[in-house]
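Please examine the structure shown below together with its sequence. The explanation that accompanies it is intended to be read with both in view.

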Amino acid sequence: MRQLQRLLTRSTSAKALAVKRVTENRGRRTPGVDRAIWSTPDDKWSAVQDLKVEGYRPKPLRRVHIPKANGGKRPLGIPTMKDRAMQALFLLSLEPVAETTADPNSYGFRPERSTADAMAQCRNALGRGHSPQWVLDADIKGCFDHIDHEWLMGHIPLKKDVLKRWLKAGVVDTGRLFPTEAGTPQGGIASPTLANMTLDGLERQLKESLPRRAKVNFVRYADDFIVTGASREILENKVMPLVEAFLSERGLRLSPEKTRIVQITDGFDFLGWHARKYKDKLLVRPSKKNGEAFYRKIADILKEMRTATQAEVIQVLNPIIRGWGSYHRCQNSKRTFAQMDHRIFWALWRWAIRRHPKKGRRWVREKYFRQGKSRTWVFATGNEVLVRLSDIKIVSHVKIAAEANPHDPEWEPYFEERLKSSMSATLTGKRKVLWLWSRQEGACPQCGQQVTKSTGWNVHHVIYKAHGGTDKMSNLQVLHPNCHRQLHNDERAAAAQV
């Protein structure tokens, strides 16, 4: 591990990848305490040349407070661009280790995993007739802010002096420098990986400490997790002490306000969904809290856009509605979508009436609403139509295999098959396949024969994701299924001979 880190920190290519990561993510325009950002090619090349471990001293974090859903403020610590790039450089060696040692049913801040996978695992654990009926719905209090530094120093396989400097860099808030005695700041690129590695091992400890008849299942997304149990007594007297001891060793504790033990027939909220069992059927729907937050966002936008045109309102609302619908389309959301459409319609009607207090309702309807092919009262202009949640198709999500590791070449065919399935499921994905097929002039790069509907096709990564490849079109090919399998088999045989 040390040799790999030494090699990467001296590699110009690795430094370029690290700089690319921090200049192409969502926070690329957010500066640290030095107010510097790398926006030009010259800035980025200078950063690559300046990224050296020798003599490296991180600067303090810049404190930023962002609003939380409950009305509070979430503190973020924003490192400088150079410190972010240095973290990204060391993560090139740390992330494969973290992925290999991670709990099987941990889904937050991990490649190729999502909230939909976490909820699919909840379905697997709770959706059968013989499934456990009790759930510990847990939340860790201030997870990122309270992780013990000594524990991190002793268990994270990173260059110790660099890790210590990151943890002890301090934070600047309202012009004053404050020391950082615990925690890894939200806002740093390395923080999610460090937090995951801190919490990994809890699932294995629970499985090893309790018998199968206890029906213990564990699902975690970041610092939110659930543990199932055959009875309340098992969760209270067996699971809770184990969890609290595990967290205490790392300087953490459960949040009393957000942690509770519930029966599955009463339901619980997890990741924006509400899971509840009705007789023998588990239903997962958007939670009331999540739905109210979404509707309040729509209502607030309409209040702010009182003088905007109808086309402008549609352009602003459509991405928000599509995003919320896409997130919830993998659950039992049909009824919730219909109810939300109804609420949005009345919010739009009130918006239209307020704009024209002296006009009659028929005049308002004819101005803002159209007759659609299958329904009336379509909020639309000549070229713009508001998206309806009810028109978003409900689809089932195929959960990722718990052991799947994108850093292991053995799993490359599995991830390519998942990529093929996801591309085939959407119109945009099908267009990408057609573009790849056209670029290859319809021929398989392996055998030279035509790829047709009857032969079938697979998507192949030219550079494996385990070796740093991406899902970009420049790194993809369309192969015959047999050619694809043969290619992977030949590569495995060659690797075995070496």
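The paragraphs that follow treat a sheet, a helix packed on that sheet, a cavity, and three individual residues.

The model is a predicted one. A suitable place to begin is its open sheet, in which four strands are arranged in the order S6-S7-S3-S8 with antiparallel pairing. Strand S6 (218-221) and strand S8 (260-263) each have a single partner strand and stand at the edges, so one side of each is left without a neighbour in the sheet. From one strand to the next, the twist averages 20°. In general, the strands of a sheet pair through backbone hydrogen bonds, in either a parallel or an antiparallel manner.

Within this sheet, strand S3 (residues 134-139) is joined to strand S7 (residues 224-229) by six bridges in the antiparallel sense. Ala138 can serve as a point of reference, as it stands opposite Phe225 in S7. Helix H5 (residues 115-126) packs on the sheet and touches S3, S6 and S7. The direction of helix H5 makes about 165° with that of S6.

The loop between S6 and S7 contains Ala222. This residue has a phi near 60°, a positive value in a residue other than glycine. Most residues other than glycine have a negative phi. Ala222 counts as buried because its relative accessibility is 13%, under the 20% limit. A second positive phi, near 55°, is found at Lys279, which is placed in the loop between strand S10 (273-278) and strand S11 (281-286). Lys279 has a relative accessible area of 80% and is therefore exposed, the limit being over 50%.

Attention may now turn to internal space. How many cavities of 30 Å³ or more does a search of the whole structure find? The search finds one, and the largest cavity has a volume of about 110 Å³. Its lining comprises 15 residues, with Leu61, Gln87, Trp166, Leu167 and Pro185 lying nearest the centre. By class, 10 of the lining residues are nonpolar, three are polar and two are charged. Helix H4 (81-101), helix H8 (160-167) and helix H9 (191-199) each contribute at least two residues to this lining.

The last residue to consider is Val48, which lies in helix H3 (residues 41-50). Val48 counts as buried because its relative accessibility is 6%, under the limit of 20%. Leaving aside residues up to four places away in sequence, Val48 touches Thr12, Lys15, Ala16 and Val19. Val48 and Ser13 are 35 residues apart in sequence, while their C-alpha atoms are 8.9 Å apart in space.

How values were computed. Residues numbered from 1 in each chain as written. Predicted model: local features only at pLDDT ≥ 70, side-chain atom pairs only at ≥ 80, totals over all residues. Heavy atoms only, no water. Pairing = 2+ DSSP bridges. Axes fitted to C-alpha atoms, helices over the stretch in contact; angles between N-to-C directions. Contact = heavy atoms within 4.5 Å. 1 Å grid on protein atoms, 1.4 Å probe; cavity = no way out; pocket = protein on both sides within 12 Å on 5 of 7 lines; lining within 4 Å. Points joined across faces, edges and corners; volume = space filled by probe spheres on them. Nonpolar A, V, L, I, M, F, W, Y, C, P; charged D, E, K, R; others polar. Buried < 20%, exposed > 50% of the residue type's maximum accessible area, 1.4 Å probe, protein only.
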